[in-house]
Amino acid sequence: AASSVNLTPVPKSMAIGEGELVLPHNFTIFVDAPDSIAAEAEHFAEHMNEVAGMSVDVVAKGATPLITVIHKTGADALAPEGYTLEITSTGVTIGATTATGCYYAFQTIKKLLPPHVMAGVPDEKVTSYALPVVDIADEPRFAYRGFMLDVSRHFFEMDELKRMIDVMAYYKMNRFHWHLTDDQGWRIEIKKYPKLT
């Protein structure tokens with residue numbers, strides 16, 4: 001069973017249970033948290049609707065939700081980028097103190113689904129989506145988790161750059177080092193010094 005849950009980076013702690021949670025075509029996400037955290041739930045719902053062809057809504061209250069997002073504060077507060085993720089055969093509970101922690105929790109959920117979900121590319125051949133029963137408590141081991149891109153020697157289109165930043169964030173890296181200048185080139189425009197470019 002352990003081999004069926006393969007996450008990169010590996011969470012701080014993970015307990016794998018038995019069974020799975022099959023996602024229905026229509027489900028709701030209940031958010032009991034500030035707007036910044038609710039926005040992450042909205043992004044996840046939009047992603048699933050677009051990539052998996054589902055009908056996912058974020059609600060403030062109402063019918064029993066499949067996913068519940070809880071704002072952890074006070075004595076229950078988590079590290080700024082930390083989260084808890086409990087998946088049972090009946091539902092999902094996410095705990096986070098910040099929007100970043102909630103974002104990372106949803107990235108973990110996407111990684112537990114078929115690969116095309118994380119890639120953001122619809123796959124009509126996949127008709128069923130299931131999550132393994134698992135209990136995760138995660139927070140970064142290092143505060144600075146960086147990725148560097150050197151555009152001083154190599155050119156990249158803006159779309160390529162944005163995609164790199166998205167993928168970087170999927171893997172829970174939090175610092176983007178943009179190498180803009182070197183003896184081979186100066187890739188940032190400064191109006192006061194036009195000859196640099």
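Guide: Buried means under 20% relative accessible area, exposed means over 50%, and partly exposed lies in between (1.4 Å probe, protein chains only). This is a predicted model: local features need pLDDT of at least 70, side-chain atom pairs count only at pLDDT 80 or more, and totals for chains, interfaces and linings use all residues. Residues are numbered from 1 along each chain as its sequence is written, and side-chain values use heavy atoms, with hydrogens and water left out.

Visitor: How many helices and strands does the protein chain have?

Guide: Helices (H or I, at least four residues) and strands (E, at least two) are DSSP runs, numbered from the N terminus. By that count, the protein chain has four helices and eleven strands.

Visitor: Is I190 buried, exposed or partly exposed?

Guide: I190 lies in the segment after β11 (185–186). The relative accessibility of I190 is 32%, so it counts as partly exposed.

Visitor: How far apart in space are I190 and M118, C-alpha to C-alpha?

Guide: In sequence, I190 and M118 are 72 residues apart. In space, C-alpha to C-alpha, the distance is 37 Å.

Visitor: What is the order of the seven strands in the open sheet?

Guide: Two strands pair if DSSP finds at least two bridges between them. Pairing in this open sheet is mixed. The order is β1-β7-β5-β6-β4-β2-β3.

Visitor: Which strands stand at the edges?

Guide: An edge strand here has a single partner strand, so one side of it is left without a neighbour in the sheet. From one strand to the next, the twist averages 20°. The edge strands are β1 (13–22) and β3 (55–59).

Visitor: In which sense do β1 and β7 pair?

Guide: Strands of a sheet pair through backbone hydrogen bonds, either parallel or antiparallel. I16 has V134 in β7 as its bridge partner. Over seven bridges, β1 and β7 pair in a sense that is antiparallel.

Visitor: How many bridges join β5 to β7?

Guide: These two strands run antiparallel. L85 stands opposite I136 in β7. The number of bridges joining β5 to β7 is five.

Visitor: In which sense do β2 and β3 pair?

Guide: Strand β2 covers residues 26–32, and five bridges link it to β3. F30 stands opposite V59 in β3. The sense of the β2 and β3 pairing is parallel.

Visitor: What angle does helix α1 make with β3?

Guide: Axes are lines fitted to C-alpha atoms, for helices over the stretch in contact, and angles run from 0 to 180 degrees between N-to-C directions. Contact means heavy atoms within 4.5 Å. Helix α1 (residues 35–51) lies across β2, β3, β4 (67–71) and β6 (92–96). Its angle to β3 is about 170°.

Visitor: How far apart are the end C-alpha atoms of α1?

Guide: The expected span of a helix is 1.5 Å times one less than its number of residues. The 17 residues of α1 should therefore span 24 Å. The end C-alpha atoms agree, at 24 Å.

Visitor: Which residue just after α1 takes a positive phi?

Guide: Inside α1, the buried residues include F44, H47 and M48. Their cover includes β2, β3, β4, β6, α2 and α3. Just after α1, a positive phi of about 65° belongs to G53.

Visitor: How many of the 14 residues of α2 are buried?

Guide: Helix α2 (residues 99–112) packs on the sheet and touches β4, β5 (83–87), β6 and β7 (130–138). From its first C-alpha to its last, α2 reaches 20 Å. This helix is mostly covered, and the number of its residues that are buried is 13.

Visitor: Which residues touch the most other members of the largest nonpolar core?

Guide: A nonpolar core is a set of buried Ala, Val, Leu, Ile, Met, Phe, Trp, Tyr and Cys residues joined through side-chain atoms within 4.5 Å. The largest one has 43 residues. The two that touch the most other members are L23 and I29.

Visitor: Which element gives the most to this core?

Guide: One core residue, L23, is in contact with M48, M54, L66, L113, Y129, A130 and L131, leaving aside neighbours within four places in sequence. The top contribution is eight residues, from α2.

Visitor: Which residues of α4 are buried?

Guide: Helix α4 covers residues 158–170. Its buried residues are covered by elements including α2, α3 (115–119), β8 (146–150) and β9 (175–179). The buried ones are L161, M168, A169 and Y170.
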